[in-house]
Amino acid sequence: MKFDNLYEELFYKSLRIRLIEKKIIELYPTDKIQSPVHLSIGQEAVAVGVCQELKTTDLIFPNYRGHAYYLARGGNLKEFFAEIYGKRTGCCRGKGGSMHLAGPEIGFMGASAIVASTIPHAVGAAMAARKLKKDQIIIAVFGDGATDEGVYHESLNFASLHKLPVIFVCENNDLAVHTHTSTRQAYKIFEHAAVYGLPTHYCEEGYDIIKVHEAFSPLVAEARITKLPQYIEIKTCRYLEHVGVNEDYDAGYRSVSEIEEWKRKDPLIIEKELIDKYQTTILAEIEDAVMFAENSPWPLLEDLLTDVI
Amino acid sequence: MNSSTDNNGLMKRFSGNILSYRESLFHAMDDALSINPHVVIMGQGVADHKGLFGTTLNLSSKYGTDRVFETPLAEEAMAGIALGASLNGLYPINTHLRVDFALCCMNQIVNLIAKYKYMSGGRFECPMLIRMVIGRSWGQGAQHSQSLQSFFSHVPGLMVLMPSRADSILNDYPYIINSYRGPVISIEHRLLYDVKFNIEQDSEYSSDKPLSSHLIRKGNDITIVATSIMVLEALRAAQYLLKNAGIECEVIDLNCVSHPDKEMIMNSVNKTGKLIIADTSWQAYGVCAEVCRIVCENSPNSLKAPVMTLGMQPATCPTAKTLEDYFYPNLQTLTDAIARIVCGKANHGIPLPDEHSMSDVYKKFKGPF
């Protein structure tokens with residue numbers, strides 16, 4: 001698809017992710033998707049901004065809230081829906097589901113439901129890239145909750161010590177499930193990351209596709225030349241509950257005004273004209289992918305014990 | 001690696017020689033680095049003046065600190081880094097000076113490494129070798145002595161090996177590193193490091209069956225299934241009982257504890273009707289229990305006597321030598337157990353060997369660890 005300008009391209013990609021996840025919300029009550037989903041709604045701009053300048057050969061190590069990254073990297077939408085339906089045609093043949101999407105063909109290196117657990121994988125892949133002289137940038141994506149974990153700190157230390165070509169991307173939505181950063185952390189995330197000797201950056205406007213792109217693309221450009229590790233924290237906002245498809249503002253663990261303020265600036269809500277311009281095309285593509293998933297076969301008994309070892 | 005890789009190269013090279021367990025590990029590491037440019041060795045102590053008990057000594061100088069390197073004390077990240085490196089083309093060998101330390105990276109081993117292939121529907125593979133060393137004797141105590149093969153073997157997705165001899169290492173390690181496409185955990189035994197072995201190219205260990213069990217002694221009276229250093233004890237007991245009581249023991253070195261040769265075990269038990277299992281760890285929920293499961297599920301009627309199992313006492317490993325001697329099975333307890341089963345009574349009348357502690361036999365081990 002051709003776009004008039006970069007903004008429209010980024011907008012289109014973000015809108016596509018939002019509409020895909022809204023389709024999941026619509027489908028969820030039918031119980032056709034029988035698995036936990038951690039939706040990225042509110043955080044799409046971060047994924048799109050981060051992935052925009054990456055090449056297919058670059059690798060990204062995401063987490064369980066990973067739909068947006070799979071899609072932003074160009075993952076196959078039919079295989080995506082088939083996977084969350086648990087079908088044999090899914091990107092993991094029905095064995096991974098929403099939390100464990102995998103796409104080696106797009107450098108999407110497998111998602112994990114254990115917080116912070118893929119951060120060292122990115123560092124290890126960066127070590128391999130350097131030792132094998134591959135022209136690759138490796139991206140580790142994680143949330144603020146991951147920075148609570150010891151393995152996060154171990155990984156930053158190793159990457160900095162060995163000067164590995166990895167960019168750490170912290171999507172800070174201020175929440176680990178229902179617990180705010182202020183009740184978990186004695187440090188400011190990006191300031192603390194600097195302790196490991198990493199160049200650190202901060203982007204406050206995670207709702208703004210252009211701002212995220214502007215903040216991130218120089219890091220990619222620099223990494224291509226220097227092959228050195230870098231760090232960026234991007235502030236974002238999770239609109240829905242931690243897991244599932246509902247809002248849970250009545251639960252009282254965060255203020256509604258905070259989310260409303262974020263939504264007032266969200267281009268995927270306020271840019272009515274652009275939404276109208278693109279949504280028909282996107283919705284048709286989504287329907288097509290959902291039909292593919294619905295019509296796909298289930299995995300069989302013979303699949304149960306394959307790929308164990 | 002190309003398909004012409006000859007994984008029997010080490011066995012051929014050292015055939016006819018006497019090699020210690022330590023030397024065989026060193027040659028396996030040296031050989032891996034030499035023939036496979038994607039191999040890296042990473043762990044605490046691999047590039048220091050002791051070189052992981054001599055098994056990686058000076059390899060850092062020979063192949064560069066880029067390929068054999070010290071790591072931070074960050075077991076979880078290192079296991080995860082090994083996984084990421086594997087996904088992007090390296091073959092990592094991650095080492096732990098003691099099995100106990102690997103507990104710090106159980107998250108990566110159990111939640112990620114074991115599952116990466118399956119949860120991606122086979123789209124990712126993570127070939128790697130994780131070496132861990134069991135400590136025993138000379139006051140290893142609670143946290144330097146654990147033998148946790150059952151933890152790892154319990155989880156689908158891992159291949160768990162317990163080499164009992166130098167030839168087992170020479171046979172399996174080249175295959176694992178150069179040809180096998182999954183994660184392997186090899187649990188080595190510190191007390192075996194200085195034990196010397198005759199390397200014979202036509203022995204059971206040089207068979208074309210890597211990652212399997214080995215029938216290493218034939219006999220009609222009883223089957224002994226053993227792991228790691230207990231294989232040596234089983235052979236000593238078998239020899240003693242043949243000489244002193246005419247009892248013929250059949251000995252199976254389980255070797256690949258996660259995927260034992262069930263047919264080999266059943267064939268043997270069907271023949272002898274009597275079974276003793278000698279493992280390096282606790283009996284409950286472990287190798288002893290698993291071998292019993294195999295027999296009970298396949299042919300319970302083959303047993304003519306109750307099974308006996310030997311392992312560590314159900315306590316934390318004590319440090320004091322007197323207690324440690326009670327804690328571990330030894331030649332005397334094993335010999336007594338075999339005699340009881342074969343004779344069908346406790347007062348079998350067969351004189352027992354008077355050696356008590358394994359550390360009395362393997363006197364070379366003087367610590368510190």
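# Exercises on a predicted two-chain model

In this predicted model, helix α5 (residues 75-87) and helix α6 (residues 106-113), both of chain B, have axes that come within 7 Å and cross at roughly 35°.

**Exercise 1.** Determine which residues make the contact between α5(B) and α6(B), and how they divide by class.

*Solution.* Begin with α5(B), which contributes B:Glu76, B:Ala79, B:Gly80 and B:Leu83. Next take α6(B), from which B:Asn107, B:Gln108, B:Ile109, B:Leu112 and B:Ile113 take part. Sorting the residues of this contact by class then gives 5 nonpolar, 3 polar and 1 charged. For the spacing along a helix, recall that an α-helix has 3.6 residues a turn, so residues three or four places apart point the same way.

**Exercise 2.** Check the length of α5(B) against its expected span, and decide whether this helix is enclosed or open.

*Solution.* The helix has 13 residues, and at 1.5 Å a residue, counted over one less than the number of residues, the expected span is 18 Å. The C-alpha atoms at the ends of α5(B) are 18 Å apart, which agrees with that expectation. For the second part, 13 of the 13 residues of α5(B) are buried, so the helix is largely enclosed by the rest of the structure. After the helix comes B:Gly89, whose phi is positive, near 110°.

**Exercise 3.** Decide whether B:Asp354 is buried or exposed, and say where this residue lies in chain B.

*Solution.* First locate the residue: B:Asp354 is in the loop between α14 (331-343) and α15 (358-361) of chain B. Then count its neighbours, remembering that a residue with 12 or fewer C-beta atoms within 10 Å is exposed. Because B:Asp354 has 8 C-beta neighbours inside 10 Å, it counts as exposed.

**Exercise 4.** Describe the largest nonpolar core, and work out where it lies with respect to the two domains of chain B.

*Solution.* The core holds 203 residues, of which A:Ile139 and B:Ile338 touch the most other members. Helix α10 (residues 229-245) of chain B supplies the largest share, with 9 residues. Since domain 1 (9-206) and domain 2 (214-361) of chain B both give residues to this core, it lies between them. Leaving aside residues up to four places away in sequence, B:Ile338 touches B:Ile222, B:Ala237, B:Leu241, B:Ile247, B:Cys249 and B:Ile276.

**Exercise 5.** Find how many residues of each chain are in contact with the other chain, and which helix of chain A gives the most.

*Solution.* Contacts join 34 residues of chain A to 33 residues of chain B. On the side of chain A that touches chain B, α5 (119-131) and α6 (150-161) of chain A each supply at least two residues, and α5(A) gives the most, with 10 residues. By class, this side of chain A has 18 nonpolar, 11 polar and 5 charged residues.

Terms used. Residues numbered from 1 in each chain as written. Chains lettered and ligands numbered in written order. Predicted model: local features only at pLDDT ≥ 70, side-chain atom pairs only at ≥ 80, totals over all residues. Contact = placed C-beta atoms within 7 Å. Helix = DSSP H or I, 4+ residues; strand = E, 2+ residues; numbered from the N terminus. Nonpolar A, V, L, I, M, F, W, Y, C, P; charged D, E, K, R; others polar. Buried ≥ 20, exposed ≤ 12 C-beta atoms within 10 Å, placed from the backbone. Axes fitted to C-alpha atoms, helices over the stretch in contact; angles between N-to-C directions. Core = buried A, V, L, I, M, F, W, Y, C linked by C-beta atoms within 7 Å. Domains from an automatic or database assignment.
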